[in-house]
Amino acid sequence: MSHSYTLNHRQAACFTPGRGGNRITTIVIHHWDDPAKNPSFNGTVDWFVTGRGRNSAHYVVEAGRVTRLVAESDTAWHAGNWPVNQRSIGIECNPRASEADKQTVAALIRDIQSRHGKLRIIGHKDASSTACPGRYYPPAQVLAPYLGGNSGVPAAPKPPAVSAPGGSVDELARAVLAGKYGNGEERKRRLGSRYAEVQRRVNELIAGKAPAPDSPNLDALANAVLRGEYGNGEERRRRLGHLYQPVQDLVNRKLGIR
Ligand SMILES: [Zn+2]
């Protein structure tokens with residue numbers, strides 16, 4: 001099938017070789033930034049090439065053109081959630097989200113799926129706390145009209161209905177705190193009819209608000225981490241800085257991990 005875009009290759013400064021033995025299951029949709037800040041395609045590519053933000057994505061996309069910055073077989077630093085990074089391909093999209101932008105994003109997704117099979121399509125905010133991907137959210141629905149038709153690859157799907165999980169409210173709340181049910185929409189979807197009672201219990205387990213990262217209040221910081229407000233993996237490390245280890249130790253104690 002012919003490409004409806006030109007594909008260039010650059011190399012991002014920040015990435016991790018390989019996938020840690022994981023299969024690719026997911027596409028994570030991002031946008032470059034708030035359109036009001038006037039972000040550009042070349043500016044975004046340069047951002048990842050220099051590694052100024054200590055982050056990366058596999059692809060940067062706008063109408064008619066795509067630059068690949070990290071090989072699909074390697075892990076890009078994009079989702080703020082290490083297990084998601086290891087299993088996903090990150091696509092950075094023009095935040096203005098024109099029809100032509102969305103057509104090119106969809107063409108790239110079809111090409112990716114021709115290599116990896118049908119993949120789940122989620123937004124950055126499904127993996128960690130952020131406004132990204134702006135106008136592309138929720139991406140499976142926003143892109144569905146562009147992915148359907150005669151591509152030969154199943155159209156982007158609404159996430160399959162998941163029946164509510166079993167177990168006590170307390171067990172489920174602890175699983176949520178351990179990160180097993182994701183954040184935001186994903187958590188809602190996966191907990192189904194049990195979402196409200198479980199989330200209530202999660203909130204009970206974690207009282208308080210997120211303090212600034214330079215606060216010496218390790219307990220409040222650990223609770224903020226458990227609420228997902230500091231992301232995972234590299235992002236959490238970066239944002240907590242020198243407090244990372246004492247806070248993470250406390251998080252592990254709260255989760256009963258010794
Ligand atoms: Zn993003």
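Me: Is the crossing of α9 and α11 left-handed or right-handed?
Reply: This is a predicted model, where local features need pLDDT of at least 70, side-chain atom pairs count only at pLDDT 80 or more, and totals for chains, interfaces and linings use all residues. Residues are numbered from 1 along each chain as its sequence is written. A crossing is left-handed if the near helix is turned anticlockwise from the far one by less than a right angle, and right-handed if clockwise. For α9 and α11, the crossing is right-handed.

Me: How do α9 and α11 lie relative to each other?
Reply: Axes are lines fitted to C-alpha atoms, for helices over the stretch in contact, and angles run from 0 to 180 degrees between N-to-C directions. The axes of α9 (residues 218-226) and α11 (residues 244-254) come within 9 Å and cross at roughly 65 degrees. Angles under 35 degrees count as roughly parallel, over 145 as roughly antiparallel, 65 to 115 as roughly perpendicular and the rest as oblique. The two helices are therefore roughly perpendicular.

Me: How many charged residues are in the contact of α9 with α11?
Reply: Two residues are in contact if their C-beta atoms, placed from the backbone, lie within 7 Å. Here Leu218, Asp219, Leu221, Ala222, Val225 and Leu226 in α9 meet Pro246, Val247, Leu250, Val251 and Lys254 in α11. Ala, Val, Leu, Ile, Met, Phe, Trp, Tyr, Cys and Pro count as nonpolar, Asp, Glu, Lys and Arg as charged, and the others, Gly among them, as polar. That gives nine nonpolar residues, no polar ones, and, as for charged residues, two.

Me: How many polar residues does the contact of α6 with α8 have?
Reply: Helix α6 (residues 169-177) and helix α8 (residues 195-205) pack at about 65 degrees, with their axes 8 Å apart. The α6 side has Val169, Asp170, Leu172, Ala173, Val176 and Leu177, and the α8 side has Glu197, Val198, Arg201, Val202 and Leu205. These divide into eight nonpolar, three charged and, for polar residues, none.

Me: Which strands are at the edges of the open sheet?
Reply: Strands (E, at least two residues) and helices (H or I, at least four) are DSSP runs, numbered from the N terminus. Two strands pair if DSSP finds at least two bridges between them. The six strands of this open sheet come in the order β1-β5-β4-β7-β3-β8, with mixed pairing. Each edge strand pairs on one side only, and the two edges are β1 (6-9) and β8 (120-123).

Me: Which residue in β8 stands opposite Thr26?
Reply: Strand β3 (residues 26-31) and β8 run parallel, and four bridges join them. Opposite Thr26 in β8 stands Arg120.

Me: What angle does the direction of α3 make with that of β4?
Reply: Helix α3 (residues 99-116) packs on the sheet, touching β3, β4 (59-62), β5 (65-68), β7 (88-93) and β8. Its direction makes an angle with that of β4 of about 140 degrees.

Me: Which strands does helix α5 touch?
Reply: Helix α5 (residues 139-147) packs on the sheet, and its direction makes about 125 degrees with that of β8. The strands touched by α5 are β3 and β8.

Me: How far apart are the axes of α3 and α5?
Reply: These two helices pack at an angle of about 80 degrees. The distance between their axes is 9 Å.
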